[in-house]
Structures are given as C-alpha cells and as structure tokens.
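Here's a friendly walk through a model you may not have met before. Have a look at it first, and then we'll take it apart piece by piece.

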Number of protein chains: 2
Amino acid sequence: MKNKKLGEFELIDRLTRDLPNFSKDVIVGIGDDCAVLKQGDNKYLLVTCDVQIEGVHFLPAVAEPENIGQKAVAVNVSDIAAMGGKPTFCLVSLIIPKNMESNYIDSIYDGIKKSCKLYDVQIIGGNISSGKQLAIDIFMIGEVKRDELLLRSGAKPGDKLLVTGSLGLAAAAVALQQHSVPHCRLHEASIIAKSKLATSMIDISDGLLSEIGHVCDKSDVGVVIYDSQVPAPKGLEFALNGGEDYELLLTVSSDMADKIIELVQKKSGTLVTVVGEILDKTEGRWIQSIDGKNRPLISNGWDHLAN
Amino acid sequence: MKNKKLGEFELIDRLTRDLPNFSKDVIVGIGDDCAVLKQGDNKYLLVTCDVQIEGVHFLPAVAEPENIGQKAVAVNVSDIAAMGGKPTFCLVSLIIPKNMESNYIDSIYDGIKKSCKLYDVQIIGGNISSGKQLAIDIFMIGEVKRDELLLRSGAKPGDKLLVTGSLGLAAAAVALQQHSVPHCRLHEASIIAKSKLATSMIDISDGLLSEIGHVCDKSDVGVVIYDSQVPAPKGLEFALNGGEDYELLLTVSSDMADKIIELVQKKSGTLVTVVGEILDKTEGRWIQSIDGKNRPLISNGWDHLAN
C-alpha cells in the first residue's frame, strides 16, 4: 500500500502502536501537541518538532525566505503554547540543496532568529545536511507548571467549545498564493493556562474539524459545532477545514465560558468565541446549521501525506 | 556564494555567530556533540539531533531499510555517549516520498524501534511529512551526572590522545558499497565518564582528523598524532579520514592513560589505544610518521555539504 492512500494519522498509529509502555517519567507520549516529561517537583518539560519543506509547506517563488524561517519557529511555538507552556530552547536541523545561494539560507536563518527573539527561545544547536529539497526541521523544548498543563484529553460532556481569533484567513491566503507567518497565540494560551479554567486545549494547525476530531478521540467524547458561530471573515468558506490558522481551540465547563472569554479579551484584546459544545461520546460528532439541522462532522483537514 | 563551496562548519559558524548570549541555564550551546542544559541539582539534560537522508547518508539499493532506521538512532546515541551521558527519549521526524511503499517505511521504523530498545530510549513523539527524498531526522534527549559531563573543550597540553576500538572499517564498507550500522560505544563511554579520568571526549563520526580538529578548536590546544599507532585493520587507508566509525576519541592526563586503558578493557573488553598527544596551541597540529617526521594535520573528514 502506498502511504498517500494510508493517510498521515493512520500511518503514525500503525508505526507506533506496538511501542513498549512508557516509563513513569512520561506524562504524555505520542498523541498530543507535545510530549510531556517530568522535570523537578513543580514543572514538566515539553518537547515537540515540526518541519517546513520546500514545495510542500512553502513555495520559494511565493514565500519570502525570512518568512519561511519565522514560520518554522512559530508552528513549534504554537504547539508549546497549546499545552499551556512557554518555549525555551530549540535545535535547528537544516537540509540544504547543494547549489542553493548562501544569501537565501542566511535570510531563512534570519527569520528563525527573529521568531526566536520574539518568543524568547534560545537556539542551542542543530544540524546541517545536503539534500534535494530545502527543509527546516525544528525541535523545540518548553516548560509548563504542572497545574497549568492543558491536554487534548480533558474535554467533558457539557463543556463549551471555544476558539480564539478568527479562522480561515490562512487558507484564504494560500488560495491567493500568499504565504503568511502565523502569529502564535502564546500570550492568550498563557492567560488561559494560568486561569486554570480550561479542560482541554489544542492549536488549530490542520483545520477546526480535524483538530476537534483529535480532542474527541483523546477525550472520548462527542461534539456539536454551530457552524454559523465559527468566527470567520464574511464570505470565507475556509473556516471549518482550512489549515494553518494557529488559533487555539479549547474547552471549558459551561458555567466558566463567559469568564474565560472576558479574561482573555481583557488581558490580550483577543476575541474568544463559543463555537460548539462537547457531547457524550454516544451522541456522536455533528455540525449544526443556523436552521438547527445537524449533519455528520467529517473532517477535510490537512493531511501531510495526502496533500 | 554557493553553500557547497562554503562548507558545513563555516556555514554553521556564519549562521550562528550573532546569536544572543545564552542564559545561565545553558551549560553548552552550539559547538559540542550535544547541547547541555541545567536540570535539577545533580544532572544536566543533553539534547542533540542528526538526520539520515536518502542518497546522502544511505543508498536504498544498498542499505537494508531496518539498518537505515537503526543507524538513524545510533548516530544520535553516539553523540549522547560522547558527553558521558545516557540517552532517554527521542522524537522521530520522517520525511516520506508520497509513493514509497508502506512496508519499506515499516521496516525503517522497525529498525528505529530495535535500536531504541537496544539503547533503552523511549520514542515519545515525532512528525511525518511528505517530500521528494526520504529523511529520518531524530531529536534525542539524554542526561548526565554533573560531575561526569565530558566536553570537547577540556583537553590540556601533555594529555594523551586515545581512541576506542579501531578506525576505518566504516569507510571501507562504504567503499565496498556496503552499509553498516554503527555500534555505539555507550557502555565504554559510561565507564570512561564514571572513572572521571578523561579531560575531553568526542565521537568519531566524521573521521579522526576532523574530530581532533574540533577538540583542538574548543580546547585551544595543538596536537600530534602518531599515524603508525592509529588502530586499523592492515592495509586500510581510511583510518585517519574515514568517517562513521563512531568510536570515541578522548584525552586523559599522561599519568592516567594506562589506568583508563586497563579499566575500559577490563569492564567492556574493548581495546583503547594511545594515538597521540595534546600540545600547546603554539606548537600546532601535526601527524608524525613512524620515522619521526611531522607533516601538518590537514583534515579531509566528511563535510555534509561538500559530499
């Protein structure tokens, strides 16, 4: 079977399903935005990696090299933020075509350094190899206070489902052949984590429907999304499935939704919107139209092997 | 300027030379086998990454997929071992061509899991993306007791220069179109670290002359290598420059050389050989032939951009 047909998540599942049990130092292994490791009495270590590849994640003809570097860092920061943590260190692994101009590499690395400065991340190492296709693979380390850790697995039936900002802009930019640098919701994530009000959190890198699917899988719950309430610029059809928004998707108990919306808006100015509700697993996964009709939730989110 | 002309180490130097100063949590940043971070009272965290790329580090027509996976882990374990540490966790970042057979990927991952089991490393996450060329990029975490940390920077004039095992076999295998899985000297490295006798250590991934160059750079010393004493199978010319042996190169004060040789051989059965001596920086870097004549040490080691 070819991998394109298998799909990214099925492949991850198949490759890792027979891994031995984790040791007690591993709080979360495979299956969340980051792995979570015990570190000292009051903190967890977060580790994650994400890659940007020429022709897959960016087109050199369209994207500014500095933006490519910035984004390579930002997508990792977003994963750390989604756990309620703050990024601390990274390693930068570059695969560089032999005949690529050094100035181009310099500009990419300038973008990496710029983003690292913005998010207070120290570059402590890395690797350089040659290859056919430019790739920027970043490994990021972060930390989170134990009582501020937010996982995909904490959503409960009755919780409200919330998103920060608005969705679909990144997908619209891609459709217009533009390349955007995501602004990570690191500050908002920190406000949410410190409030200790959220029950789960994930960043929207692969589209709302795909990400809520992960939350439902890990939390063993169902969901209904009110599609008319998904915050998106008028006329945009990308809001449900469009990837790369890097907004936060979180759940919070029903009576705390207003409080967290007010808190985040007051402290960061960022809008948080209720877009759905968590159901019991037996109730299934649905999208509800403005007329109250439900259709089954089927994800069309970004699959890194199919696209 | 093209990167091929610039060279790997010059490029790393240029990209990272204007990084801000590291925080006090960073014991070693860029420039050793691993980065070293403070962790708790008695330990340091080690982090490193290394990649195996199709057509660069291995040829699919020659290499068994399971061996490719094993090696991708082993090269990282070797970097942790060279610091005196033990590996603990890793992330596996895969770039997979769309039409690659799933069975092939499974076999590579089987090799990764096999090596992780051998070296007691837990796979706690990773990433999968599509790309033109298969790449296995592994990010490894390890730990080391503070008083057992071994850096490239500790060599002192008068120290003896030692290597474990013998050199040149991997390069000979490559010349014969074979693909070998390095056996990491993790056990030997641990014996050396616990003895607290060595002043510096590095693993030989890029050839003896290249690696001793790094030790001289970081320790600010010179060196003389006795070429007739470099342990190599008879008739092999690869011993000085051949890469990928993954033996350990270490320095130890002159009066402790016999002791460490005896200790490692007794506890592991592995031969350790004196191959040179550390000089004052002003005395330069030399290779001494059996007739006592010195020639300047010029490295022909593996450059990941030039090859």
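## Domains of chain A

Before we split anything up: the domain bounds used here come from an automatic or database domain assignment. Keep in mind too that this is a predicted model. For chain A, that assignment gives domain 1 (3–147) and domain 2 (150–296). How far apart do the C-alpha centres of domain 1 and domain 2 of chain A lie? They lie 22 Å apart.

The two domains of chain A touch each other, with 22 residues of domain 1 in contact with 22 residues of domain 2. On the domain 1 side, helix 3 of chain A supplies the largest share, ten residues. Sorted by class, that side of domain 1 has eleven nonpolar, five polar and six charged residues.

## Chain A as a whole

What is chain A built from? Eight helices and 13 strands. Its C-alpha atoms fill a box of roughly 55 × 50 × 45 Å, taken along the principal axes. A compact globule of 307 residues would have a radius of gyration near 19 Å, and chain A agrees, because its own value is 19 Å.

Of those 307 residues in chain A, 54% count as buried. Contacts in chain A also reach a long way along the sequence: take the ones between residues at least 6 apart, and 85% of them join residues at least 24 apart.

## How the two chains meet

Now bring in chain B. Here 58 residues of chain B are in contact with 57 residues of chain A. Several elements of chain B each supply at least two residues to the side that touches chain A, among them helix 2 (8–16), strand 3 (43–53), helix 4 (102–118) and strand 6 (135–145). Which element of chain B gives the most to that side? Strand 5 of chain B does, with nine residues. By class, the side of chain B that touches chain A breaks down into 30 nonpolar, 19 polar and nine charged residues.

The two chains are related in a neat way. Turn chain B by 180 degrees, with a shift of 0.0 Å along the axis, and chain B can be laid on chain A with an RMSD of 0.0 Å. That is the relation of a two-fold axis. Both copies use the same surface, as 98% of the contact residues of chain B recur in chain A.

## The nonpolar core

The largest nonpolar core has 191 residues. Those with the most contacts inside this core are A:V36, A:L46, A:C90, B:L46 and B:C90. Helix 3 (residues 65–82) of chain A gives the most to the core, with nine residues.

Zoom in on B:L46, one of those well-connected residues. Leaving out residues up to four places away in sequence, B:L46 touches a list of residues including B:C34, B:V36, B:I80, B:M83 and B:I141.

## A closer look at B:T88

B:T88 is found in strand 4 of chain B. Is B:T88 buried or exposed? B:T88 is buried, because 21 other C-beta atoms lie within 10 Å, and 20 or more is the cut-off for a buried residue.

Setting aside neighbours within four places in sequence, B:T88 is in contact with B:V121, B:Q122, B:I141, B:G142 and B:E143. Another pair to look at is B:T88 and B:Y119, which are 31 residues apart in sequence and 8.6 Å apart in space, C-alpha to C-alpha.

Conventions. Residues are numbered from 1 along each chain as its sequence is written. Chains are lettered from A and ligands numbered from 1 in the order in which they are written. This is a predicted model: local features need pLDDT of at least 70, side-chain atom pairs count only at pLDDT 80 or more; totals for chains, interfaces and linings use all residues. Two residues are in contact if their C-beta atoms, placed from the backbone, lie within 7 Å. Helices (H or I, at least four residues) and strands (E, at least two) are DSSP runs, numbered from the N terminus. Ala, Val, Leu, Ile, Met, Phe, Trp, Tyr, Cys and Pro count as nonpolar, Asp, Glu, Lys and Arg as charged, and the others, Gly among them, as polar. A nonpolar core is a set of buried Ala, Val, Leu, Ile, Met, Phe, Trp, Tyr and Cys residues joined through C-beta atoms within 7 Å. A residue is buried if 20 or more other C-beta atoms lie within 10 Å of its own, exposed if 12 or fewer, and partly exposed in between; C-beta atoms are placed from the backbone. Copies are superposed by least squares on the C-alpha atoms of residues with pLDDT of at least 70 in both. The radius of gyration is taken over C-alpha atoms; the globule rule is 2.2 Å times the number of residues to the power 0.38.
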